[in-house]
Amino acid sequence: MLIKKPSDIKPSEITPEAMYRNRREFIKDGTNFLAGSVGIGSSLTSLAQDGDALKARAPAAMRRSPPASWWAEKFSSIKPAPDSEPNFTGESLTPYEDVTIYNNFYEFGMNKADPATRSGEFKTEPWTVEITGEVAKPGKYDLENILKPVDLEERIYRLRCVEAWSMVIPWIGFPLADLIKQFEPTSKAKFVEFETIVDSDSMPGINSRFAIVSWPYREGLRIDEATNPLTFMAVGLYGSYLPAQNGAPMRLVVPWKYGFKSIKSIVKINFRETQPNTTWNDLQANEYGFYANVNPEVHHPRWRQDMERRLPQTLLSRRVIETRMFNGYGEHVAHMYDGMDLASYY
Ligand code: MTE
């Protein structure tokens, strides 16, 4: 992220037009996923309600076996995304192959394909999440127990990376607020801090001599941001379990902020009174703020932020679109920043 400017994207990273068209046809025929029109809401509705039918119709890559038996039961009923904003964008979905091969997950390496190609050894079972700090119920929780009380739903969100590319992704998960309330935060819990697992045996980027991050990867939100109804914990995408490269088994999705806030493979959540240190802010504070709200008026020191490349790109069309304030979610989140100078609190 630090080093890859939009102009640095290699031609080999751009999906050829023909391949892209073929994929679109395949997926359209097979699943109706990518209709990209308002009709998509209803096709997703029927798919999402019937997990088995969904898996049977999905491309092979999407037919993933459950990490453990309880996942299948959890995924058997998923509330579909309503066909209206903010939980449904109405735009064409980014094809599954692009969502799962063009990734930022530096624990597996710094190239976009590294997370997909180098995560074969990564284990998500068993998985525990440690809850610490300003809560009535701290402890180490099995993921299965954390997920028991939550209902899974689908949300189709735009993801805008600070590197000026974007995707539209159908996530499966639940509001972060539903998780937070299980631990009963105290009145001192003003911020929430998240940490990613550090497993050098299965994450080849950890001990790489090119690593620039001081592990674990850390992110944080203000408590009102964390409990905003749009803030989502994803455990799946495209109707199936989350692939390792996208942050299995559970990652954050904060759609109005730059993608680096959406921390992957979370093992620790800490509730605290003061603002936490965060990975990218620590690395280069003048380039990556704590808030990181998508803002076309505040440019990155090394590139503009008022346009974005909607992936996948083709050789014939770069699909450059205008970036919207708060990534288009302002109606639902702008009130949280009333009175703040967003050029200072970037
Ligand atoms: N989480 C961890 N642990 N490590 C990372 O390197 N990269 C971030 C974010 N979460 C990252 C991470 C960045 S820069 C982006 S843009 C998004 O993940 C990308 O999510 P995706 O690969 O699922 O599209």
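**Exercise 1. The ligand and its surroundings**

Which ligand atom is 3.2 Å from a polar backbone atom of Asn-104, and how much of the ligand does the protein bury?

Solution.
Step 1. In this predicted model, the atom 3.2 Å from a polar backbone atom of Asn-104 is a nitrogen of the ligand.
Step 2. A polar backbone atom of Ser-262 is likewise found 2.9 Å from a nitrogen atom of the ligand.
Step 3. Asn-103 contributes through its side chain: one of its polar atoms lies 2.9 Å from an oxygen atom of the ligand.
Step 4. Taken alone, the ligand exposes 540 Å², and the protein buries 99% of that.
Step 5. There are 17 residues around the ligand, and those that come nearest are Asn-103, Tyr-106, Glu-107, Thr-196 and Lys-264.

**Exercise 2. Strand E3**

Are the residues of strand E3 (residues 153-160) buried or exposed, and with which strand does E3 pair?

Solution.
Step 1. In a regular strand, side chains alternate between the two faces of the sheet, so each face is checked separately.
Step 2. On one side of E3, Glu-153, Arg-155, Tyr-157 and Leu-159 are buried.
Step 3. On the other side, Glu-154, Ile-156, Arg-158 and Arg-160 are buried, so both faces are covered and 8 of the 8 residues of E3 count as buried.
Step 4. E3 is therefore largely enclosed by the rest of the structure.
Step 5. The pairing partner is E4, in the antiparallel sense, over 8 bridges. Within this pairing, Tyr-157 has Ile-169 in E4 as its bridge partner.
Step 6. The hairpin of E3 and E4 has 4 residues between the strands, and in it Ala-164 takes a positive phi near 75°.

**Exercise 3. The largest nonpolar core**

Which residues touch the most other members of the largest nonpolar core?

Solution.
Step 1. This core has 89 residues, and Leu-147, Phe-194, Met-233 and Ile-269 touch the most other members.
Step 2. Strand E4 (residues 165-175) supplies the largest share of the core, 7 residues.
Step 3. Take Leu-147 as one case. Not counting residues up to four places away in sequence, Leu-147 touches Trp-70, Trp-71, Lys-74, Phe-174, Val-235 and Met-250.

**Exercise 4. Two buried residues**

Where are Asn-270 and Pro-249 found, and what does each contact?

Solution.
Step 1. Asn-270 is in strand E10 (residues 266-272). Its relative accessibility is 15%, so Asn-270 counts as buried, the cut-off being under 20%.
Step 2. Beyond its neighbours within four places in sequence, Asn-270 is in contact with Thr-132, Gly-133, Phe-191, Val-192 and Glu-193. For Gly-133, the backbone nitrogen lies 3.5 Å from a polar side-chain atom of Asn-270.
Step 3. Pro-249 sits in the loop between strand E8 (240-241) and strand E9 (251-253). At 3% relative accessibility, Pro-249 also counts as buried.
Step 4. With neighbours within four places set aside, the contacts of Pro-249 are Trp-71, Thr-124, Trp-127, Leu-143, Ala-234, Val-235 and Leu-242.
Step 5. Val-267 is 18 residues from Pro-249 along the chain, and their C-alpha atoms are separated by 9.8 Å.

**Exercise 5. The whole protein**

How many helices and strands does the protein have, and what percentage of its residues is buried?

Solution.
Step 1. The secondary structure comes to 11 helices and 12 strands.
Step 2. Of the 346 residues, 55% are buried.
Step 3. Among contacts between residues at least 6 apart in sequence, 73% join residues at least 24 apart.
Step 4. The accessible surface is about 14300 Å², and carbon and sulfur atoms account for 50% of it.

Note on methods:
Residues are numbered from 1 along each chain as its sequence is written. This is a predicted model: local features need pLDDT of at least 70, side-chain atom pairs count only at pLDDT 80 or more; totals for chains, interfaces and linings use all residues. Side-chain values use heavy atoms; hydrogens and water are left out. A nonpolar core is a set of buried Ala, Val, Leu, Ile, Met, Phe, Trp, Tyr and Cys residues joined through side-chain atoms within 4.5 Å. Buried means under 20% relative accessible area, exposed over 50%, partly exposed in between (1.4 Å probe, protein chains only). Helices (H or I, at least four residues) and strands (E, at least two) are DSSP runs, numbered from the N terminus. Contact means heavy atoms within 4.5 Å. Two strands pair if DSSP finds at least two bridges between them. Accessible areas come from the Shrake-Rupley method with a 1.4 Å probe; for residues, only the protein chains shown count as cover. A residue is near a molecule or strand if one of its heavy atoms lies within 4 Å of it. A polar contact is a pair of N or O atoms within 3.5 Å; within protein, one must be able to donate a hydrogen and the other to accept it, and residues adjacent in sequence count only if both atoms are side-chain atoms.
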